[in-house]
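I opened the structure to take notes on its helices, its core and its surface. My entries follow in the order in which I looked things up.

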Amino acid sequence: MTDFFKAILFLNYGLLLSIIFLGAAKYRILNAKEKQYFHCIAFLFFIELLNLALPYLFNFNDTSFLYPLYIAGEFSLITALFIRKLELPKYFLGITALLAAGFMISKYVFNYPFNSDIVKVISNIIIICLSGFTLIREIRGASTENRFLLVDACIFFYYSVSVFIFIIQHQIANLSENEYLIILSVNNILSSILYCSFLYTFIKLKK
């Protein structure tokens, strides 16, 4: 199971790297809202790069301190993406930015909440709602900017299933190492599907 987990993990690293190069090449033909997709994937790549580099280059034995940064950054970038696509009032951007900043201050300064997964689930639910409303609008044809429709659908699917996985994971009191790796592998497979949707969309993009 460990080998399978590592294979999916390194597949995701390869997909992320491919998206970064391809997205950078297509960046000039993206409109202002679409550029936010590249910013989101670039942030995820940055976090994964730190997770890989810190243990090997700087002898960090524990990189869990990056987790609150990952949650806050992911939440603020993805919510900003859908808030702009839904053309919601700009103060919503300020609210989500304050929530993300407040969480990081609370976690890094006061170590509250102790379990960051609680915040992760809440942030995922908010992302699910925003991406769901965006999908409904795009499917109904209310928006002409639908070049990233597949990505929006995969974002909705990924975060919906991720919430379910988090809930199931915390309902099981004692997970064996094998069971834990299975759960992580399922989540990584979902990530692969999401990354493939980005890769396919960037490949198909034209002026």
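**Entry 1: Tyr-180.** I looked up Tyr-180 and found it in helix H7. The model is a predicted one. Is Tyr-180 buried or partly exposed? I noted a relative accessible area of 38%, so Tyr-180 is partly exposed. I then took the C-alpha to C-alpha distance from Tyr-180 to Phe-82 and got 32 Å. In sequence, Tyr-180 and Phe-82 are 98 residues apart.

**Entry 2: Thr-201.** I stayed on helix H7, where Thr-201 also lies. Its relative accessibility is 4%, and buried means under 20%, so Thr-201 counts as buried. Which residues does Thr-201 touch, leaving out those up to four places away in sequence? I listed Arg-147, Phe-148, Leu-150 and Val-151.

**Entry 3: Lys-26.** I moved to helix H1 and picked Lys-26. I expected to have to check this lysine for burial. Its relative accessible area is 18%, and the cut-off for buried is under 20%, so Lys-26 is buried. I set aside neighbours within four places in sequence and found Lys-26 in contact with Phe-202, Ile-203 and Leu-205. I also looked at Lys-206. Its C-alpha is 8.4 Å from that of Lys-26, although the two are 180 residues apart in sequence.

**Entry 4: helix H1.** I checked the length of H1, which runs over residues 2–26. With 25 residues at 1.5 Å a residue, H1 should span 36 Å; the end C-alpha atoms are 36 Å apart, so the two values agree. I went through the buried residues of H1 next. Among them are Phe-5, Ile-8, Leu-9, Asn-12 and Tyr-13. Gly-23 and Lys-26 are on that list too. What covers the buried residues of H1? I found that the cover includes helix H2 (35–57) and helix H7 (177–204).

**Entry 5: helix H2.** I ran the length check on H2 as well. H2 has 23 residues and reaches 31 Å from first C-alpha to last, close to the 33 Å expected at 1.5 Å a residue. I noted its buried residues: Gln-36, Tyr-37, Phe-38, Cys-40, Ile-41, Phe-43, Leu-44, Ile-47 and Leu-54. Just after H2, I came to Asn-59, which takes a positive phi of about 55 degrees.

**Entry 6: the core.** I looked up the largest nonpolar core and found 44 residues in it. Which residues have the most contacts inside it? They are Ile-41, Ile-155 and Phe-198. At least two residues of this core come from each of H1, H2, helix H3 (66–85), helix H4 (91–110), helix H5 (117–139), helix H6 (149–171) and H7. I followed Ile-155 further. Not counting residues up to four places away in sequence, Ile-155 touches Tyr-37, Phe-82, Ile-127, Ser-131 and Leu-194.

**Entry 7: the surface.** I turned to the outside and found a nonpolar surface patch of about 1300 Å². Its residues include Leu-52, Tyr-56, Phe-60, Phe-65, Ile-105, Tyr-108 and Tyr-112. Which helix gives the most to the nonpolar patch? H4 does, with four residues. H2 and H4 each supply at least two. I closed with Phe-65, which sits in the loop between H2 and H3. Its relative accessibility is 35%, so I noted Phe-65 as partly exposed.

Definitions and conventions:
Residues are numbered from 1 along each chain as its sequence is written. This is a predicted model: local features need pLDDT of at least 70, side-chain atom pairs count only at pLDDT 80 or more; totals for chains, interfaces and linings use all residues. Side-chain values use heavy atoms; hydrogens and water are left out. The expected span of a helix is 1.5 Å times one less than its number of residues. Buried means under 20% relative accessible area, exposed over 50%, partly exposed in between (1.4 Å probe, protein chains only). Contact means heavy atoms within 4.5 Å. A nonpolar core is a set of buried Ala, Val, Leu, Ile, Met, Phe, Trp, Tyr and Cys residues joined through side-chain atoms within 4.5 Å. Patches are made of residues with over 30% relative accessible area and no salt bridge: like charges are joined within 9 Å, nonpolar side chains (Val, Leu, Ile, Met, Phe, Trp, Tyr) within 5 Å. Accessible areas come from the Shrake-Rupley method with a 1.4 Å probe; for residues, only the protein chains shown count as cover. A salt bridge is a side-chain nitrogen of Lys or Arg within 4 Å of a carboxyl oxygen of Asp or Glu.
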